[in-house]
Amino acid sequence: MGHAFNPRIETAPALVGTQRGTEGCLSVPGANAPLDRPARATLHAYDVNGRPFTLDSTGYFARCLIHETQHLGGTVYVDHLSPGVRAQTLAQSADRRPSVLDHRAGRENQLAALRSTG
């Protein structure tokens with residue numbers, strides 16, 4: 001599976017608990033912060049043929065599904081942080097952003113060179 005159209009996530013942290021973890025995101029380059037997430041998530045979506053499907057997930061995969069689905073609503077992980085931790089995380093990103101973006105550009109150039117020779 002690789003496509004999920006009109007996804008909707010269900011979580012029940014009060015019933016299944018939460019998982020501790022650290023998150024980062026390409027939207028906030030170079031930063032990461034601790035963020036608890038539900039330990040389980042259920043994705044309801046449609047496949048490329050318009051058929052509905054449900055996918056249950058736990059652990060890191062649940063974290064990823066929640067994180068990515070929230071992007072569709074305009075939410076990034078820093079929106080869940082306390083004001084102090086959010087400020088620290090955004091400052092960390094601002095400090096590291098130039099080197100992260102330079103690294104990405106270098107990798108993009110390497111991949112372009114490989115494609116042109118390949």
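**Group meeting: strands, a helix and some salt bridges**

Okay, let's start with one residue: Asn6 lies in strand β1. By strand I mean a DSSP run of E with at least two residues, while a helix is a run of H or I with at least four, both numbered from the N terminus. Before I go on, the small print: this is a predicted model, local features need pLDDT of at least 70, side-chain atom pairs count only at pLDDT 80 or more, and totals for chains, interfaces and linings use all residues. Residues are numbered from 1 along each chain as its sequence is written, and side-chain values use heavy atoms, with hydrogens and water left out.

So, back to Asn6. What is the phi of Asn6? It sits near 50°, a positive value in a residue other than glycine. For background, most residues other than glycine have a negative phi. Asn6 is also exposed, at 63% relative accessible area. The cut-offs here are under 20% for buried, over 50% for exposed, and partly exposed in between, with a 1.4 Å probe and protein chains only.

Now the sheet around that strand. It's an open sheet of 3 strands, in the order β1-β6-β7, and the pairing is antiparallel. β1 (5–10) and β7 (52–58) are at the edges with a single partner strand each, so one side of each has no neighbour in the sheet. On average, neighbouring strands here are turned by 20° against each other, direction ignored. Pairing, by the way, needs at least two DSSP bridges between two strands.

Look at β6 next, residues 40–46: this strand and β7 run antiparallel and are joined by 7 bridges. In one of those strands, β7, Pro52 is the bridge partner of Tyr46. Then there's helix α2, residues 59–71, which packs on the sheet and touches β1, β6 and β7, with its direction at about 125° to that of β7. A contact is heavy atoms within 4.5 Å. The angles run from 0 to 180 degrees between N-to-C directions, with axes fitted as lines to C-alpha atoms, for helices over the stretch in contact.

Tyr46 turns up again on the surface: with Phe5 and Val48 it forms a nonpolar patch, about 290 Å² of accessible area together. Val48 is in the loop between β6 and β7, and it's exposed, at 55%. A patch takes residues with over 30% relative accessible area and no salt bridge, joining like charges within 9 Å and nonpolar side chains (Val, Leu, Ile, Met, Phe, Trp, Tyr) within 5 Å. The areas are Shrake-Rupley with a 1.4 Å probe, and for residues only the protein chains shown count as cover.

Moving on to β3, residues 22–25. Which side chains of β3 are buried? Glu23 and Cys25, which point to one face, while Thr22 and Gly24 point to the other and are not buried. β3 runs antiparallel to β4 (residues 28–34), with 4 bridges between them, and a hairpin of 2 residues makes the connection. Cys25 stands opposite Val28 in β4.

Okay, charges. Side chains of opposite charge can pair when their charged atoms come close. What I'm calling a salt bridge is a side-chain nitrogen of Lys or Arg within 4 Å of a carboxyl oxygen of Asp or Glu. That rule gives 6 salt bridges.

One of them is Arg37 with Glu23, with the closest N and O atoms 2.6 Å apart. Arg37 lies in strand β5 (residues 37–38) and Glu23 in strand β3, so the pair ties together parts that are 14 residues apart in sequence. Arg37 is buried, at 4% relative accessibility, and Glu23 is buried at 4% too.

Next, Arg51 pairs with Asp47 at 3.2 Å between the closest N and O atoms. Is Asp47 buried or exposed? Asp47 is buried, at 19%, whereas Arg51 is partly exposed at 49%. There's a network as well: Glu23, Arg37 and Arg63 are joined into one by salt bridges that share partners.

Then there's Glu10 with Arg8, where the closest N and O atoms are 3.1 Å apart. Glu10 is partly exposed at 39%, and Arg8 is partly exposed at 46%.

Last stop: Gln92, in helix α3, residues 83–117. Gln92 is partly exposed at 21%. Leaving out residues up to four places away in sequence, Gln92 touches Gly30, Ala31 and Asn32. From Arg8, 84 residues away along the chain, the C-alpha of Gln92 is separated by 31 Å, C-alpha to C-alpha.
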